[in-house]
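The exercises below concern the structure shown next. Each sets a task and then works through a solution in steps.

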Amino acid sequence: MSGLLKASLMILGAACVLLVAGAFPVLGAPVVFKGGVMILLGVVAALLSLWGGWRLSAGRHAQFIFGLVSLYFTTSGLIAAWMYGSKAVSHAMLGGAMWFGALAMVCTMVVGLLFATIFGFFLLRLMKPRLWLAGAHWCCALIVAGAMVDFCAEKNAYLYATAGSGGRIDQVVTPAGEPLPLGFALQVNDFKVAHYDTPQTAPARHHLMIRENRGEYEAFVYMQNRWVPLPPGHLKREGTVLHLGERTFNVAEVKAHPGLTHPCLMVSSPMPAGISSSGTVQEYSADCTVYTDHRGRPETRHENLRVNHPIACKDWHLYLLSYDYNPISNKVTVLLQARKAPGRWYTLAGMVGLIICTACWCWWKREKIAPATDGKETPAV
């Protein structure tokens, strides 16, 4: 084993020890993961990968570079063919004038297939197992490069949005207090909680009561099969108007009812779906509307935001983290994370390339090596 290979194994071992010790990004400490030692190890690993890929392609550098370019265009052509082919099918299912849209999608799909075919032919002629291994090294370096770009330029912020309030969010504030415009507006329309073992039923009702008692007004919420009085200060009176959070009621609406000792006002409204149910939670989801523009024209998109299924718009990704239900206002406030990571595309490209290069290195047809001879001719018989 050469000295350089031993050093590389030692660096990989040190990186694994740091990951186990607390740098693992899911269960470990983010401070350690983004610390100077891990960054230095990443830079060294990337440089070693670049150097290793260049050495493996020795004598075939031009063939190696053009092969990677062909790999990029082949993969891009296949992705374009798949995406526009799916759009063509969805447009065709709508029928009518959408058939023209389906035809346009098919034309674009054909262009993607042509790219994949032409550059796939170049791949077959150029790439060898040794060059695929060199490409895998360079893809590792591309992954590290994307991580470094995110470390230097990533923007991260958290925001709260009340479902059904009608408010639009068009900027976020970082933990350092820096306001960042999103370039689009987000509106959360509704929130739902789905359970595995709870059948689909009509939404439960939220009951609110405002009661007059000797000239004073009190508010009650029906919770856990009983009326729970709200603490003083929640219900405020200004002239003939009663204020309860963002809701307003007229004093004249508080009337006497048969069988009740005090005049009261009963308000009933449906609760957000799944909030009152019990059991194993299947997923949280928020119905959202995104107001943006496409090539200078206003565009409205309806999105369903779920955990681990973010909304992507204008280089931002919005993630659903958690929610809080207010039994007084019968509203759900969701906690969202807004993340802008310019290095994400480099990392994804490196991951896809690493998978392809590793698979091709394992299964690509090996070159046949001619048997060695001693230079002596075999006498004819």
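**Exercise 1.** Determine in which helix W54 is found, and whether W54 counts as buried, partly exposed or exposed.

*Solution.* In this predicted model, W54 belongs to helix 3, which covers residues 36–56. The relative accessibility of W54 is 39%. Buried residues lie under 20% and exposed ones over 50%, so W54 counts as partly exposed.

**Exercise 2.** Identify the residues that make the nonpolar surface patch, and state which helix gives the most to the patch.

*Solution.* The patch is made by W54, I65, F66 and V69. Its area is about 330 Å². W54 is found in helix 3, but the most is given by helix 4, with three residues.

**Exercise 3.** Locate A62, decide whether A62 is buried or exposed, and compare the separation of A62 and L126 in sequence with that in space.

*Solution.* A62 is found in helix 4, which spans residues 61–94. With a relative accessibility of 64%, A62 lies over the 50% limit and therefore counts as exposed. Along the sequence, A62 and L126 are 64 residues apart. In space, their C-alpha atoms are 9.9 Å apart.

**Exercise 4.** Describe the sheet formed by strands 7, 8 and 9, and explain why one side of strand 7 and of strand 9 is left without a neighbour.

*Solution.* Begin with the order: the three strands form an open sheet arranged 7-8-9, with antiparallel pairing. Strand 7 (235–238) and strand 9 (247–250) stand at the edges and each has a single partner strand, so one side of each lacks a neighbour in the sheet. On average, neighbouring strands of this sheet are turned by 25° against each other, direction ignored.

Next, consider the pairing of strand 7 with strand 8. Strand 8 comprises residues 241–244, and four bridges join strand 7 to it. Within this pairing, L235 stands opposite L244 in strand 8.

**Exercise 5.** Establish how many disulfides are counted, and explain why C139 and C357 do not form one.

*Solution.* A disulfide is a covalent bond between the sulfur atoms of two cysteines. The cut-off applied here is a sulfur separation within 2.5 Å. For C139, the closest cysteine sulfur is that of C357, at 4.2 Å, which is too far for a bond. The count comes to zero disulfides.

As a last step, consider the accessibility of two cysteines. C139 has a relative accessibility of 10% and counts as buried. C264 is also buried, with a relative accessible area of 2%.

Technical notes:
Residues are numbered from 1 along each chain as its sequence is written. This is a predicted model: local features need pLDDT of at least 70, side-chain atom pairs count only at pLDDT 80 or more; totals for chains, interfaces and linings use all residues. Side-chain values use heavy atoms; hydrogens and water are left out. Two strands pair if DSSP finds at least two bridges between them. Helices (H or I, at least four residues) and strands (E, at least two) are DSSP runs, numbered from the N terminus. Axes are lines fitted to C-alpha atoms, for helices over the stretch in contact, and angles run from 0 to 180 degrees between N-to-C directions. Buried means under 20% relative accessible area, exposed over 50%, partly exposed in between (1.4 Å probe, protein chains only). Patches are made of residues with over 30% relative accessible area and no salt bridge: like charges are joined within 9 Å, nonpolar side chains (Val, Leu, Ile, Met, Phe, Trp, Tyr) within 5 Å. Accessible areas come from the Shrake-Rupley method with a 1.4 Å probe; for residues, only the protein chains shown count as cover. A salt bridge is a side-chain nitrogen of Lys or Arg within 4 Å of a carboxyl oxygen of Asp or Glu.
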